[in-house]
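Colleague: Please give me a close look at the aromatic rings in this model. Then carry on to the other parts worth checking, and tell me how far to trust the coordinates.

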Amino acid sequence: MRVDVVTIFPDYLAALDLSLVGKARRAGLLDLRVHDLRDWTSDRHRTVDDTPFGGGAGMVMRPDVWGRALDDVMGATGDGGDDGPPAHLVVPTPSGEVFTQRHAEALATEEHLVVACGRYEGIDARVVEHYRATGHRVSELSIGDYVLNGGEVAALVMIEAVGRLLPGVVGNPESLVEESHGAAGLLEYPVYTKPPAWAGLEVPEVLLSGHHARVERWRRDQALARTAARRPDMVEALDPGTLDRHDLEVLAGRGWVVEDGRLRRSGDEPGEPHEPDGGTAAAVAE
Ligand code: ADE
């Protein structure tokens, strides 16, 4: 996969030389190129922003500078040239769709991503409009409901989440199977390693038992309990048809019942969000 990042702070992306993503780059699995947006400015001050039309606080990034940069890194024709399909443009922004593991999985199938990191009040809206109109897929994505100073940290998050899904990047692909936000729709169970006793705390006995089926059941119970305590939205999204009787009992013990083929908190009116109880998984899991 090729990934181009355009930013006014290329040094921010230096972290992508480290760890698994860095290794993937060196192994040739990920062709990651970081560009300085100011290389496409044409004035002495290398200006990338200007005041917003309509007034208001802050500065907006100029579409002409972004257009020159993106035409260069994506291929000016918009058809991807001879090098394959058009690039998928990713624009990190707090006003985007919330980036999830599903987005990471979809982006990991692309041949070419271009990440446009905005700063200030954001990038002139015509940039996204123009690249959509010229045949590019464009995803405006937020990494969560908070505001950062720019798209660089969000780009790091997304590139790491996508990069680790590329074939060959994570040494043991099994470790991708059971993790939080995977296909099961549950948070991951708690994990332990040696020593078996630490700070007066013992590893749960079942994990030392060598009894594979009991370990699997315990882990699933923990995943269900954690998810019920921390992420009611994920419990609501579960298909009860994929849960066994024991799963349903664990959820029932936490107040979840199946009604009209969907999981609901008992006592909640359909469609009413429930009040989080603030309980931790440790408090609710047996
Ligand atoms: N830029 C500023 N805040 C952001 C966020 N939460 N997600 C993505 N990009 C951003």
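Modeller: The structure holds one aromatic pair. It is formed by Phe-9 and Tyr-12, whose ring centres are 6.3 Å apart. That is inside the 6.5 Å limit for a pair. Their planes meet at 65 degrees, so the pair is edge-to-face. The cut-off for that label is over 60 degrees. Now accessibility. Phe-9 has 38% relative accessibility, so Phe-9 is partly exposed. Tyr-12 is also at 38%, and Tyr-12 too counts as partly exposed. Both values fall between the 20% and 50% cut-offs.

How far to trust this? The model is predicted. Its mean pLDDT is 91, and 91% of the residues reach 70 or more. One stretch needs care: residues 277–286 have pLDDT below 50. Beyond near neighbours in sequence, that stretch still has 15 contacts in the model. Where pLDDT is low, predicted coordinates should not be read in detail.

Next, helix 2. This helix covers residues 63–74, twelve in number. From first C-alpha to last it reaches 15 Å, close to the expected 16 Å. Its buried residues are Val-65, Trp-66, Gly-67, Ala-69, Leu-70, Val-73 and Met-74. What covers them? The cover includes strand 1 (2–7), strand 2 (31–36) and strand 4 (60–61). Strand 5 (88–98), strand 6 (112–116) and helix 4 (126–133) are also among the covering elements. Just after helix 2 comes Gly-75, with a positive phi of about 95 degrees.

Now the ligand. Around it sit Pro-92, Thr-93 and Pro-94. Leu-141, Ser-142, Ile-143, Gly-144, Tyr-146, Val-147, Leu-148, Gly-150 and Ala-154 surround it as well. Three of these residues offer backbone atoms to ligand nitrogen. For Tyr-146, a backbone N or O atom lies 2.8 Å from a nitrogen atom of the ligand. For Leu-148, the corresponding distance is 3.0 Å. For Gly-144, a polar backbone atom is 3.2 Å from a ligand nitrogen.

Last, one residue in helix 6. Thr-227 belongs to this helix, which spans residues 212–230. Is Thr-227 buried or exposed? Its relative accessibility is 0%, so Thr-227 counts as buried. Leaving out residues up to four places away in sequence, Thr-227 touches Gly-185, Leu-186 and Leu-187. Pro-232, Met-234 and Val-235 are also among its contacts.

How values were computed:
Residues numbered from 1 in each chain as written. Predicted model: local features only at pLDDT ≥ 70, side-chain atom pairs only at ≥ 80, totals over all residues. Heavy atoms only, no water. pLDDT = per-residue confidence, 0-100. Contact = heavy atoms within 4.5 Å. Phe/Tyr/Trp six-rings, centres within 6.5 Å; stacked < 30°, edge-to-face > 60°. Buried < 20%, exposed > 50% of the residue type's maximum accessible area, 1.4 Å probe, protein only. Helix = DSSP H or I, 4+ residues; strand = E, 2+ residues; numbered from the N terminus. Expected span 1.5 Å × (residues − 1). Near = heavy atom within 4 Å. Polar contact = N/O pair within 3.5 Å; in protein donor to acceptor, adjacent residues only side chain to side chain.
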